[in-house]
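Q: I am new to reading protein models and would like a close look at a single part of this one. Could you walk me through it in a friendly way?

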Amino acid sequence: MSIQITRSNKLIHRIQAKLRLDKAYDFLSQKYQKYQRQRSHRTLSSQRALTVYYHLQSLNTHPYIAERMYGDCAPLAWSNYPEADVAHFLQKPESVAKPYFIEPNDQILTPGVYFGASKPFEIIKRLDDIKSLIASNNFKGLLIGEDGLEDQFVHYFGTELIHKLYKYPQMRCIPRKKINEIKCHADQNGRHFLFLASDYKLKAIDLLIESWLTIRRLNGAILTIACSNIPAKELDKLRSVKSIKIIKEAPLSAKTKKALLSNADISICLTHVDGGANAWEGIEYGHPIVTNTYHRSDYLTKNQNGIVIDFPNQFYRLGEYGFRFNSIEDYMANVESEMVQGRYDLAKVSLAEKIQAYIDSPELVYEHSVKSLQLAYEQSVAKSNERLLEIYREGIVKP
């Protein structure tokens, strides 16, 4: 996830890594987490309650996951692995000694990392191994949202093991408003667009800026981009553009992020590769979502709560992933080349038109805002936890 890369690139974190302070912190933190889990396990075991292992939290845990999978938001008090009835792993299993589920965050083939495959070409060569792992007795299922991962599963493995797919409300939203708090503003002035972007290139910021600068009727609209690695020459070009505000702080503090999301009307969530957390956060505040075609886009706008711009390429496109590009770097080199050739010109035009539609139509913003907040409640932490507990129990019961 690019937000972890952004964090690791900050000077203070590079110094901490150099002095091994980050590892020392994680060691002590995880030792304490194990102690806390051991204490709670005594209570759970005395009550014969369900016990589940989930990864220990570390400095590298994605902020979105840290807030929604630990503490009060966790579906239950997590146990240490040796005492757990079942395990819930992200991406790949830490161990296969007891029943477990895998949540493949990025794409359906992430269990390939278990076999030492890290590059797309290597992962594709491990399809038989991944399928055997999924078919094994202790592998109880893959935890997915209503995104493109089911299509990926059928493409790579057919339908023979489709019963091992478990859908749950993966967004795990914490709705920040009540639906009746959303109002339709009668005027078209001062619409506020927000893009929380972890990387300049991967999140298509250059494409967004080009599109924004072609919009004819801004009517006081503002575009705020929070991104730490926008090139200096691009920042120089934007100094005289009053309609674009840049925030270079990264990672954003909770206070800054809350203020930005609270004051914005629409979330822009473009990506050349993957993502979703910035869209889920926008949905929590009732923002219409502006994204592009990739394997999660239909999920982000499943309630007709935003718009999807057609991009010519997709990193995880079926039939191309693992055959055409062997790294994100190779893929992005192709994207940049095609942008120069004009293959993304239609996407730029479409993006400008959709942004203009939001500027011109308060009714459209209101409609999509209500639908986003409805989606946040449908995909809430509470409903997600309810479904996860059902899945965990089913995993223990099933032979």
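Which residue just after α11 takes a positive phi? Please start there and then show me the surroundings.

A: Happy to help! Keep in mind that this is a predicted model. The residue you are asking about is Gly 286, which sits just after α11 and has a positive phi of about 75°.

Let's begin with the helix that comes before Gly 286. Helix α11 covers residues 277-284, and 8 of its 8 residues are buried, so the helix is largely enclosed by the rest of the structure. Follow the helix along and you will meet Ala 277, Asn 278, Ala 279 and Trp 280, then Glu 281, Gly 282, Ile 283 and Glu 284, which are its buried residues.

What lies around this spot? A good guide is Ser 372, which is found in helix α15, residues 362-378. Leaving aside residues up to four places away in sequence, Ser 372 touches Ile 283 of the helix we just followed, Gly 286 itself, and also His 287, Pro 288, Ile 289 and Asn 305. Ser 372 has a relative accessible area of 0%, so it counts as buried. You can also look from Ser 372 to Thr 301: the two are 71 residues apart in sequence, yet their C-alpha atoms are 8.0 Å apart in space.

Two of those neighbours, His 287 and Pro 288, lead us to another residue. They are among the residues touched by Ile 266, whose list also includes Arg 191, His 192, Phe 193, Leu 194, Val 290, Tyr 358 and Val 365, again not counting residues up to four places away in sequence. Ile 266 belongs to strand β9, residues 266-268. With a relative accessible area of 0%, Ile 266 is buried. From Ile 266 to His 368 there are 102 residues in sequence, and the C-alpha to C-alpha distance is 9.3 Å.

Phe 193, one of the residues that Ile 266 touches, brings us to the nonpolar interior. The largest nonpolar core has 70 residues, and Phe 193 is among those with the most contacts inside it, together with Ile 108, Leu 109, Leu 208, Ile 225, Ile 268 and Ile 355. Helix α14, residues 345-360, gives the most to this core, with 6 residues. Apart from this core lies another one of 19 residues, including Ile 65, Val 86, Tyr 166 and Tyr 392. As background, nonpolar side chains in soluble globular proteins tend to be buried together.

Leu 109 is a nice core residue to click on. Beyond residues up to four places away in sequence, Leu 109 touches Ile 123, Ile 124, Leu 127, Ile 130, Tyr 156, Phe 157 and Tyr 321. Then try Thr 110, in the loop between β3 (100-103) and α5 (120-125). Thr 110 is buried because its relative accessibility is 6%, and buried means under 20%. With the same sequence neighbours left out, Thr 110 touches Gln 91, Lys 92 and Pro 104. The C-alpha atoms of Thr 110 and Ile 123 are separated by 8.2 Å, with their positions 13 residues apart along the chain.

Now back to the positive phi that started your question. Most residues other than glycine have a negative phi. Arg 172 is not a glycine, yet it has a positive phi of about 50°. You will find Arg 172 in the loop between β5 (165-167) and β6 (192-196), and its relative accessible area of 3% means that it is buried. Asn 219 is not a glycine either, and it too has a positive phi of about 50°. Its loop runs between α8 (205-212) and β7 (222-226). Asn 219 has 28% relative accessibility, so it counts as partly exposed.

Finally, zoom out to see where your part belongs. The protein has 16 helices and 11 strands, and 53% of its 399 residues count as buried. Residues 24 or more positions apart account for 67% of the contacts with a separation of 6 or more. The C-alpha trace spans about 65 × 45 × 45 Å along its principal axes. For 399 residues, a compact globule would have a radius of gyration near 21 Å, and the 22 Å of this protein agrees with that.

Technical notes. Residues numbered from 1 in each chain as written. Predicted model: local features only at pLDDT ≥ 70, side-chain atom pairs only at ≥ 80, totals over all residues. Heavy atoms only, no water. Buried < 20%, exposed > 50% of the residue type's maximum accessible area, 1.4 Å probe, protein only. Helix = DSSP H or I, 4+ residues; strand = E, 2+ residues; numbered from the N terminus. Core = buried A, V, L, I, M, F, W, Y, C linked by side-chain atoms within 4.5 Å. Contact = heavy atoms within 4.5 Å. Rg over C-alpha atoms; globule rule 2.2 N^0.38 Å.
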